[in-house]
Amino acid sequence: MDDKLDLLKQIKEVDTPPFLLTRIRQRIETLYDVEAPVKWKWTFAVASFAILVLNISIFLNLVNTTEEKTAGIETVVNSMNIASTNNIYNE
């Protein structure tokens with residue numbers, strides 16, 4: 001066990017190359033200047049258009065369904081009004 005600990009004592013501090021941090025920062029900054037490929041731009045545009053069309057179709061479907069439900073409710077109410085004006089039961 002002591003032999004293994006003695007190996008740790010042999011580790012020496014490593015000197016970093018000069019200007020290493022500035023080189024790393026320069027590489028990171030050059031990443032921001034890279035423009036997206038045209039293929040990615042077209043893919044993003046097509047995907048955005050597809051999502052927009054899907055959202056519009058869902059909205060229109062919900063509007064039509066709401067109108068159909070309202071028409072169904074009006075039909076029931078009208079039939080109840082007709083039944084209430086019928087004098088068969090009011091003899």
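Here is a walk through the structure, from its overall layout down to a few side chains.

Keep in mind that this is a predicted model, so a word on confidence comes before anything else. The protein averages a pLDDT of 80, and 78% of the residues score at least 70. Helix α2, covering residues 20-32, has the highest confidence at 87, while helix α1, residues 2-9, sits lowest with a mean of 80. Where pLDDT is low, the predicted coordinates should not be read in detail.

Now for the layout. You'll find three helices and zero strands, so reading along the sequence gives you simply α-α-α. Helix α3 takes in residues 38-85.

What share of the 91 residues counts as buried? The figure is 0%, and since buried means under 20% relative accessible area, no core shows up by that criterion. The protein exposes about 9,400 Å², with carbon and sulfur atoms supplying 65% of that area.

Next, the charged contacts. Side chains of opposite charge can pair when their charged atoms come close. Here the structure holds two salt bridges. One joins aspartate 6 to lysine 9, with an N to O distance of 4.0 Å. How does the sequence set this pair up? Both residues belong to helix α1 and are three residues apart, so about one helical turn separates them. As for their surroundings, aspartate 6 has 38% relative accessibility and counts as partly exposed, whereas lysine 9, at 68%, counts as exposed.

The other salt bridge links lysine 41 with glutamate 35, and here the closest N and O atoms are 2.6 Å apart. Lysine 41 is partly exposed at 39% relative accessibility, and glutamate 35 is exposed, with a relative accessible area of 59%.

Finally, take a look at the nonpolar side of things. Which residues form a nonpolar patch on the surface? They are Phe49, Leu52, Val53, Ile56, Phe59 and Leu60, and together they have about 610 Å² of accessible area. If you want one residue to start from, try isoleucine 56, which is found in helix α3. Its relative accessibility is 45%, so isoleucine 56 counts as partly exposed. That value also fits the patch criterion, because patch members need over 30% relative accessible area.

Definitions and conventions:
Residues numbered from 1 in each chain as written. Heavy atoms only, no water. Helix = DSSP H or I, 4+ residues; strand = E, 2+ residues; numbered from the N terminus. Buried < 20%, exposed > 50% of the residue type's maximum accessible area, 1.4 Å probe, protein only. Areas by Shrake-Rupley, 256 points an atom, 1.4 Å probe, with all protein chains shown as cover. pLDDT = per-residue confidence, 0-100. Salt bridge = Lys/Arg side-chain N within 4 Å of Asp/Glu carboxyl O. Patch = residues over 30% accessible without salt bridge, like charges linked within 9 Å, V, L, I, M, F, W, Y side chains within 5 Å.
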